[in-house]
Every structure is written in C-alpha cells, then in structure tokens.
Amino acid sequence: MRITTYREGPFIDREKEEQFILTRLKHRPEKILFIYGPKSSGKTTLMEYMVENILEKDKNFYVNYVNFRGYAIANYKDFLDIYFQPIRQENKTWLAKIAELLPLRLGLFKGTASLPVKGINFGINIELYNQLQNNEIDPFVLLMDILSNIKTKRQPILILDEIQTLKDIYMNGEIQKKHLLTEFFNFLVRLTKETHIAHVIVMTSETLFMEDIYNHSKLSKTSDFFLIDHLDQKAIQTWFEQEGIYEPDMFELIREYCGGAIFDWLTPFYLLKNNKVQQVRDYLTHQAETYMGKIDHFIAEKLHGLDQKRMFKDILKTLLKQNYIIRDSENELQTRVLNRAIEYEFLFLNPKRKEIIFNSQIIKKGAELYFEII
Ligand SMILES: Nc1ncnc2c1ncn2[C@@H]1O[C@H](COP(=O)(O)OP(=O)(O)OP(=O)(O)O)[C@@H](O)[C@H]1O
Ligand SMILES: [Mg+2]
C-alpha cells in the first residue's frame, strides 16, 4: 500500500482508485465518469494528486482541470471567462505563457485559439472573443473545435469539480434563455459518447445533485459512476505503523470516533506525532460534542413542526441501530426530512445503492451523544 507526501502532508493509499481511472483514460472516451462519495472522502484530493503527479506529466494527455469552487460565478460571463481569454498584444505576461497556437475551423467563423502552458483558459483572438461575449457564438462549439484540434496530437481530459455551482446560471441569448448546465452536459455527452474526443471526469460535493444526475434519463445512460469512499482501516493502520505512532488502544479510540474519514484523523495524527497523547481523547470528545450541538441546532432551527422533528429523531435512531436507511419514496415527510439532513451534510446518499448513511463516524458519535444527553 502506498503512503506518500502530497502538499506537505500525508497522502494515503488510493492505488485501486487511481488504477481504475488510469485504465479508463487509456481507452477511447465512451462515457462521462462521475465521481461521488461521502463528504470529505478525498475525491478532490485524489484527482488533484493525479493531475499534478501523473496526468500533466504525461505528454500523451492534455489536461483541463477546473474546480468551479475556486471562482465566484454569478453569471454566464463569469463562466465564459473561466475558459476563454482574449489574445491581446498588450497582455504580454499572459501571452508569454502561450504554448501553441491552434487554427480554428469554426464553420462560419475563422480564428485562432491558443493553449496556455499553465492554467485553463484558452486564448482566442479578440474578434472571436467579442462574438462570444455578444452571444453570437456558442462556447461549446468553440470548445469542441479547440478540443478536436488538440486531439490530433494529444488526448484531452476534462476534469470538472463542484459543477453544481453552475446550476442556476442561464446563457445569454436573444432567442431563448438556455440553461447553462443542460447545455454543458449535452456538450460533455457529445465529447464522449458521440465523438470520443475527450475524457470527461465530473465531481460534486452535493449528494442530492449527484442523485439527480444518476436518475437523469439521458445522463444515466451515457455515464459511469465511481465511488470514492472513506479509507479502510488497514490503510490507516499501516500509515500509523509507518509513522511509528501505532498503539492498539489509542488507535481503537480514534477509530471509534473517526472511522475511515481521513480528514478527521489528521488532527489526532498530528497530536500523536507531537507527543500530545493526553489531548487526543479531549479532542475527540470535543468533536463529537460539536456535532451533537449541530444536530440539536438543526432540529431546533431547520426542521419545522413536531412531525419533522420527530421524524428526524426516528431516522437518527434507525441509523444508530442499523447504519443505513433506505428512503421510502411514498413517505413525503420522511423524504423531505432526509433531503434536508443530506443538504446539511449530516447524511450521505449513495445514489447507486439507494442507501443513506452518516456522512462520517464523528457525526454518528454526535448523534449518539445527542440521545444520551437529551
Ligand atoms: N488519501 C488521502 N490521504 C491523506 N489525506 C487525504 C486523502 N484524501 C483526502 N485527504 C484530506 O482530507 C481532506 C478532504 O479531502 P477532499 O477535499 O479531497 O475531499 P472531497 O471528497 O473532495 O470533499 P467534498 O465532499 O467536500 O468535495 C483534505 O484535507 C485532504 O487533504
Ligand atoms: Mg471535493
């Protein structure tokens, strides 16, 4: 099992997941790959690790990775600015970054696009840029042209994280207002299933959004769904052993509070590394109490009426007993309360298995405490 350093911290395992993704990238693009998993399971970290350490170093690939969380996207123009930048002579620092120029064969339009050495926005000549801003050109036609151009030399890979950020945005246009995300997904289907030009990997931290995609008639047929789950105990134990801090009782204590949620293991790990063994238990109980407080606040402020509050408490009790719950679609009250708890990130819905579980073990501990104290 691999344990390495990434961004000055530990990067544990994920070899199987990495192999799965790499194998897929070696074949012809056929379907969109959606990556899903519990909150903070490590979806973004794995992809960023792979982009920096494998994909960008491979000359056979052209990688375009956008994490939409990194941008304030209020409207369609903001979206365009992520992908396109005008080639202006005065923009010298940016021009210096251009790696290669591509001639475009855009039906009615002629122009030039460029690939930046680093960064994700394509440079386009100012006429094209203006036409794009004036809604005379469909950005997806332009992107298709650029990517098919790149494809003659390298395999393009589009990676999109936090794509739900675009869900309320409409494209500007005279004829009708088109929903940006619908058009974007049509384009992604075209890139994969229809033209096989680019690999497409899509991630989101919003479970309900992923469920909509999973059940979307067109997208579900043209996509695969891959789970990045919490890490397994073996991997975490090996990490502790390699770091020389493995001690069965202490490990068991942290496991009881953190399960496989790597994010929750990090602070106990640093405490042990700094010989602050006595602080670990306090830290863990404090974390569980914090979640207990959040659950209490959620019930008091975010659920309405006794029915919803009772329903949520029943859901928690069921989850504490059997670890998962299946949504009863005929039970409107239960569906509403479950969806709210998913939105607030207490619960995770696995769209494939239809199971709802706690997003992490520490939330489960918080729920246990809630019933002990109330
Ligand atoms: N394999 C790993 N080894 C060590 N630390 C990791 C690993 N994967 C993730 N982490 C750490 O866990 C935290 C959460 O990871 P990340 O943000 O990638 O999760 P995510 O699944 O993308 O979350 P979200 O559901 O919010 O999108 C980060 O601090 C990251 O450094
Ligand atoms: Mg993420």
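Q: Which exposed residues are carried by the face of α14 turned away from its buried side?
A: This is a predicted model, in which local features need pLDDT of at least 70, side-chain atom pairs count only at pLDDT 80 or more, and totals for chains, interfaces and linings use all residues. Residues are numbered from 1 along each chain as its sequence is written, while chains are lettered from A and ligands numbered from 1 in the order in which they are written. A residue is exposed if 12 or fewer other C-beta atoms, placed from the backbone, lie within 10 Å of its own, buried if 20 or more do, and partly exposed in between. On that basis, the face of α14 away from the buried side carries the exposed residues L306, D307, K317 and K321.

Q: Within what arc do the buried residues of α14 fall?
A: Helices (H or I, at least four residues) and strands (E, at least two) are DSSP runs, numbered from the N terminus. The buried residues of helix α14 are M311, F312, I315, L316 and L319. They line one face of the helix, because the directions from the helix axis to their C-beta atoms fall within an arc of 140°.

Q: What span should α14 have?
A: The expected span is 1.5 Å times one less than the number of residues. Helix α14 covers residues 305-322, 18 residues in total, and its end C-alpha atoms are 26 Å apart, which agrees with the expected span of 26 Å.

Q: Which strands stand at the edges of the open sheet in the order β14-β16-β15?
A: Two strands pair if DSSP finds at least two bridges between them, and the pairing in this three-strand sheet is antiparallel. Four bridges join β15 to β16 (residues 355-358), with N350 bridged to E355 of β16. Each edge strand has a single partner, so one side is left without a neighbour in the sheet; these strands are β14 (325-326) and β15 (347-350).

Q: Which helix gives the largest share of the largest nonpolar core?
A: A nonpolar core is a set of buried Ala, Val, Leu, Ile, Met, Phe, Trp, Tyr and Cys residues joined through C-beta atoms within 7 Å. Of the 48 residues in the largest core, F34, I157, V200 and V202 touch the most other members. The largest share, six residues, comes from helix α7 (residues 180-194).

Q: Is F11 buried, exposed or partly exposed?
A: F11 lies in strand β2 (residues 9-12). Because 18 other C-beta atoms lie within 10 Å, F11 is partly exposed.
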